[in-house]
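Student: I am new to this protein, and I would like a close look at a single part of it. Could you take me through its largest pocket and the stretches of chain around it?

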Amino acid sequence: MDLDQVPPGFGPSVVTIGNFDGVHRGHRSVLTQMVADARAVGAAAVAVTFHPHPLQVHHPERAPELLTGVADRLGLLAATGLDGVLLQEYTLDFARQTPEEFVRRYLVDGLGARTVVVGRDVRFGWRNSGDLRTMTELGERFGFTVEVLDDAGAGGDGGRRWSSTWVRELLGRGDVAGAAQILGRPHAVRGVVVHGDARGRDLGYPTANLGPGITGMVPADGVYAGWMRRVDLPQELADGILPAAVSIGTNPTFDGRGRRVEAYVLDRDDLDLYDEEVVLYLVERLRPTVRFDSVTGLVEQMGRDVDRARELLRRGPGVPGVV
């Protein structure tokens, strides 16, 4: 919902604010605790998040590649038990509000906040001029308390805390299994299947090519084992979610240039997926992308990739839950 969709007199509420990119285990730890605390006092639990990412508006050259698109972020946030998510369009006009204007309009008048949950490094309002002290002072003025939580949990690697930045680093290396440890689920990309050059079908491995507009950070080039979910089909149907081998890269054996994401549904050549929206859950990287000296060598390797993906998915993580 946006602010105009909030019912009059909404509240009391417990509110938190953030980008929540990826909705990783640290985010979910904070949100599930916030939901429990809200339930205990008879309040609604609400998250305020933004689209596009603020850096995409202020400094697009420094903006991070987003781990999840809006649809997946909202679904993951809802899965924590929140009573509502306020998705605010982030514009320069919105950014020009003073800290007091933002708090009064959105948190107090809009959401009826009685508690605001923030991280210790919270910044808000014009030029990020509001901080934790500002929020605390505004709470005293407008009648809400401020609860400070670390968005957390140490996930290994010397006690490093779970973060969206860490997930991006791992995906940049193709380590989708490592990213899943922080996310608490396989990383996913979403897109619409378009017509490709049909080369995979000619080689015996017909692939579904995702067209422009993919959401979710595309990891490093390589071949991955994963699952394909057909968005328009119920998960419980036999063909609703399918095992797949996913290729990401430029097809160097054929001197390709554009980077592609394409998935071969294991042992299936009867599927017509064109124009369907699908989600690809990437479980493990099988190998990097390499150039083969011959088509025969490529086809032989594809066979080995498929065998390995089949075995890994059979004994490894089960079918992921649907967002």
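**The largest pocket and its surroundings**

Tutor: Let's begin at a loop. Asn 128 sits in the loop between E4 and helix H6 (132-142). Although Asn 128 is not a glycine, its phi is positive, at about 55 degrees. Asn 128 is partly exposed, with a relative accessible area of 43%. Please keep in mind that this is a predicted model.

Strand E4, where that loop starts, leads us to the pocket you asked about. The largest pocket holds about 1,400 Å³ of space. Strand E4 (113-118) is one of the elements that give two or more residues to the lining of this pocket. The others are strand E1 (13-17), helix H1 (25-40), helix H2 (54-58), helix H4 (92-95) and helix H7 (164-172). The lining has 42 residues, and those nearest the centre of the pocket are Ile 17, Gly 18, Asn 19, Asp 121 and Arg 123.

Now let's follow the chain around some of these elements. In the segment before E1 we find Pro 12. A cis peptide bond joins Gly 11 to this proline, with omega about 0 degrees.

Past E1, in the loop between E1 and H1, comes Val 23. Val 23 is another residue that is not a glycine and has a positive phi, here about 40 degrees. Which is Val 23, buried or exposed? Its relative accessible area is 0%, so Val 23 is buried. Asn 128, with its 43%, is partly exposed instead.

Further along, Pro 52 lies in the loop between strand E2 (44-51) and H2. The peptide bond leading into this proline from His 51 is also cis, and its omega is near -5 degrees.

Finally, let's step back to see the setting of the pocket. The protein has ten helices and eleven strands. Its C-alpha trace spans about 75 × 40 × 40 Å along the principal axes. Of its 323 residues, 48% count as buried. Among contacts between residues at least 6 apart in sequence, 73% join residues at least 24 apart. The accessible surface comes to about 15,600 Å², and carbon and sulfur atoms account for 48% of that area. There are 36 positive and 44 negative charges, and the mean positions of the two sets are 4 Å apart.

Definitions and conventions
Residues numbered from 1 in each chain as written. Predicted model: local features only at pLDDT ≥ 70, side-chain atom pairs only at ≥ 80, totals over all residues. Heavy atoms only, no water. Helix = DSSP H or I, 4+ residues; strand = E, 2+ residues; numbered from the N terminus. Buried < 20%, exposed > 50% of the residue type's maximum accessible area, 1.4 Å probe, protein only. Contact = heavy atoms within 4.5 Å. Areas by Shrake-Rupley, 256 points an atom, 1.4 Å probe, with all protein chains shown as cover. Lys, Arg positive; Asp, Glu negative; His and termini not counted. Charge placed at Lys NZ, Arg CZ, Asp CG, Glu CD. 1 Å grid on protein atoms, 1.4 Å probe; cavity = no way out; pocket = protein on both sides within 12 Å on 5 of 7 lines; lining within 4 Å. Points joined across faces, edges and corners; volume = space filled by probe spheres on them.
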